[in-house]
Amino acid sequence: MSIRIATFNCENLFRRPIVFGSGNDPIRDAVLGDFRKLVEILDHDTYTAHDKTKIIDLLKKHSVDVSQEISTQTILVNEPRGQARLLKGEGRNIEVRAEVTGRSDWVGWAELVKNDLSWDAVKNTARVIAEVNADILLTVEVEDRLTLHRFNKQVLTGQFDAEPYPFNMLIDGNDIRGIDVGLFSRHPITSVRSHIFDKKDSREIFSRDCPEFEIDIDGEPLWLLGNHFKSKIGGGGDKRKLQGERVAQLYQAALERSAHVVVAGDLNDTPGSPPLGFLEATSLKDAMTHDSYEGPPGTHGKCTSPNDKIDYLMFSPELFAKVDKVEVERRGIFEFGTPFDTVTGPGDQASDHAAIVAELDL
């Protein structure tokens with residue numbers, strides 16, 4: 001039987017943190033850095049006077065200034081009504097309540113303010129997925145499982161008359177920004193293992209989990225390990241190396257369960273880099289090294305350089321031997337030389353990542 005397996009960093013399906021669309025790397029880096037600081041301080045068991053001052057300073061720095069006509073808010077603290085609260089006051093006239101002495105005294109969390117993607121961007125994301133027409137599709141940077149379901153029914157099938165996916169799965173990971181790894185499948189998903197690390201590791205090393213999806217292919221198990229390695233924004237090299245080392249271990253363990261194992265996703269680094277070195281030292285084979293692949297080497301942005309390759313579809317030896325054809329769908333990227341006619345600018349592109357798809361004869 002012929003089966004198509006793919007990976008695609010969708011950069012969200014309906015809603016995305018505003019800061020990701022700023023188009024300004026220094027501004028984005030500064031907001032994300034402050035967001036991480038705020039989350040860390042809010043998690044303290046006890047708040048010092050300095051902690052409280054820093055909380056307010058960070059919120060004011062990235063909050064709505066009531067004197068402005070246009071909101072510049074990128075970070076907020078979400079506090080459910082009727083629960084113990086952290087803040088009092090309105091607008092920029094806010095302070096931490098005196099009775100709040102630490103994390104256990106209030107209910108809520110910090111989050112990045114999100115905005116709706118343009119409808120054209122949503123449709124172009126669906127267009128990429130429809131063109132790829134994968135039987136198994138790893139989706140990177142998606143909001144949640146319900147969003148996968150709605151996108152499948154209302155956009156992919158509703159707008160493009162594509163064959164709907166009967167199965168989808170996503171388990172919320174450790175990424176505090178709400179960009180997770182999910183799966184669309186036309187074959188039953190029989191189990192999921194989500195590698196949730198302890199609190200220290202999840203915050204400092206593994207901010208993005210590695211889910212393992214077991215998929216039933218006519219009675220035979222196929223294991224897909226989905227990944228989104230730490231970004232190069234703000235560094236992250238040491239964390240990517242730790243992720244690469246751990247995923248290589250998970251791959252070896254999966255091989256003991258089945259000869260059919262896939263490692264895929266946005267690994268945020270180039271071939272030969274230290275994080276990729278751990279995976280390259282295993283028996284995994286990169287789909288884009290297959291003899292059938294013809295095209296530029298990149299998967300991100302202009303896609304013209306090996307330095308533009310950060311997305312991967314990797315197979316265990318037995319699966320790689322069954323690969324017939326490999327393609328990379330780049331037409332959803334505005335920077336790519338020949339995008340879809342519906343991609344007219346960065347605001348309506350599907351993503352700045354390409355989708356990689358391999359066709360296998362199982």
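This is a short tour of selected residues and contacts, stop by stop, in a predicted model.

**Stop 1: the helix pair α3 and α4**

Select α3, residues 119-132, and α4, residues 145-160. Their axes are 10 Å apart and pack at an angle of about 80°. The two helices are therefore roughly perpendicular to each other. Now show the side chains in the contact. From α3 come Trp 119, Val 122, Lys 123, Thr 125, Ala 126, Arg 127, Ile 129 and Ala 130. From α4 come Phe 151, Val 155, Leu 156, Gln 159 and Phe 160.

**Stop 2: Thr 125**

Stay on α3 and pick Thr 125. Is Thr 125 buried or exposed? Thr 125 is buried, at 1% relative accessibility. Leave out residues up to four places away in sequence, and Thr 125 touches Phe 8, Cys 10, Leu 13, Phe 151 and Ala 350. Two of these names, Cys 10 and Phe 151, come back on this tour.

**Stop 3: Phe 14 and Phe 151**

Next come the aromatic pairs. A search of the whole structure finds two. Select Phe 14 and Phe 151 for one of them. The ring centres are 5.9 Å apart and the planes meet at 65°, so this pair is edge-to-face. The angle clears the cut-off, because planes over 60 degrees apart count as edge-to-face. Phe 14 belongs to the loop between β1 (2-9) and β2 (15-17), while Phe 151 is in helix α4. The pair links distant parts of the chain, 137 residues apart. Colour by accessibility if your viewer can. Phe 151 is buried, at 0% relative accessible area. Phe 14 is partly exposed, at 23%.

**Stop 4: Tyr 165 and Phe 184**

Move on to Tyr 165 and Phe 184, an aromatic pair that is stacked. Here the distance is 4.9 Å centre to centre, with 15° between the planes. Tyr 165 is in the loop between α4 and β9 (167-170), and Phe 184 is in strand β10, residues 180-185. The pair thus ties together parts 19 residues apart in sequence. Both residues are buried.

Keep Tyr 165 on screen and add Arg 186. Which ring face does Arg 186 lie over? The face is that of Tyr 165, with Arg 186 at 4.4 Å from the ring centre.

**Stop 5: Ser 185**

Select Ser 185, in strand β10. Ser 185 is buried, with 0% relative accessible area. Beyond residues up to four places away in sequence, Ser 185 touches Asp 135, Ile 136, Tyr 165, Pro 166, Phe 167 and Ile 215. Tyr 165 is thus a contact of Ser 185 as well as a ring partner of Phe 184. Now draw a distance from Ser 185 to Leu 222. C-alpha to C-alpha, the two are 12 Å apart, with their positions 37 residues apart in sequence.

**Stop 6: Arg 103 and Trp 106**

Here is another charge over a ring. Select Arg 103 and Trp 106. The charged end of Arg 103 sits over the ring of Trp 106, 4.0 Å from its centre.

**Stop 7: two positive phi values**

Most residues other than glycine have a negative phi. Two residues at this stop have a positive one. Select Asn 133, with phi near 55°. Asn 133 lies in the loop between α3 and β8 (136-142). At 37% relative accessibility, Asn 133 is partly exposed.

Then select Glu 141. Phi of Glu 141 is near 60°, also positive. Glu 141 is in strand β8 and is buried, at 7% relative accessibility.

**Stop 8: the cysteines**

How many disulfides does the structure hold? Zero. Select Cys 10, a contact of Thr 125, to see why. The closest cysteine sulfur to that of Cys 10 is in Cys 303, at 15 Å, too far for a bond. Now select Cys 210. Its sulfur is 18 Å from the closest cysteine sulfur, in Cys 10, again too far for a bond. The cut-off for a disulfide is within 2.5 Å. Cys 10 is buried, at 0% relative accessibility. Cys 210 is buried too, at 5%.

**Last stop: Gly 237**

Finish at helix α6, residues 237-255, and pick Gly 237. Gly 237 is partly exposed, at 26% relative accessible area. Draw a line from Gly 237 to Asp 34. The two are 203 residues apart in sequence and 19 Å apart in space, C-alpha to C-alpha.

Key
Residues are numbered from 1 along each chain as its sequence is written. This is a predicted model: local features need pLDDT of at least 70, side-chain atom pairs count only at pLDDT 80 or more; totals for chains, interfaces and linings use all residues. Side-chain values use heavy atoms; hydrogens and water are left out. Buried means under 20% relative accessible area, exposed over 50%, partly exposed in between (1.4 Å probe, protein chains only). Rings of Phe, Tyr and Trp (its six-membered ring) pair if their centres lie within 6.5 Å; planes under 30 degrees apart count as stacked, over 60 as edge-to-face and the rest as tilted. Helices (H or I, at least four residues) and strands (E, at least two) are DSSP runs, numbered from the N terminus. A charge sits over a ring if NZ of Lys or CZ of Arg is within 6 Å of the ring centre and within 35 degrees of the ring normal. Contact means heavy atoms within 4.5 Å. Axes are lines fitted to C-alpha atoms, for helices over the stretch in contact, and angles run from 0 to 180 degrees between N-to-C directions. Angles under 35 degrees count as roughly parallel, over 145 as roughly antiparallel, 65 to 115 as roughly perpendicular and the rest as oblique.
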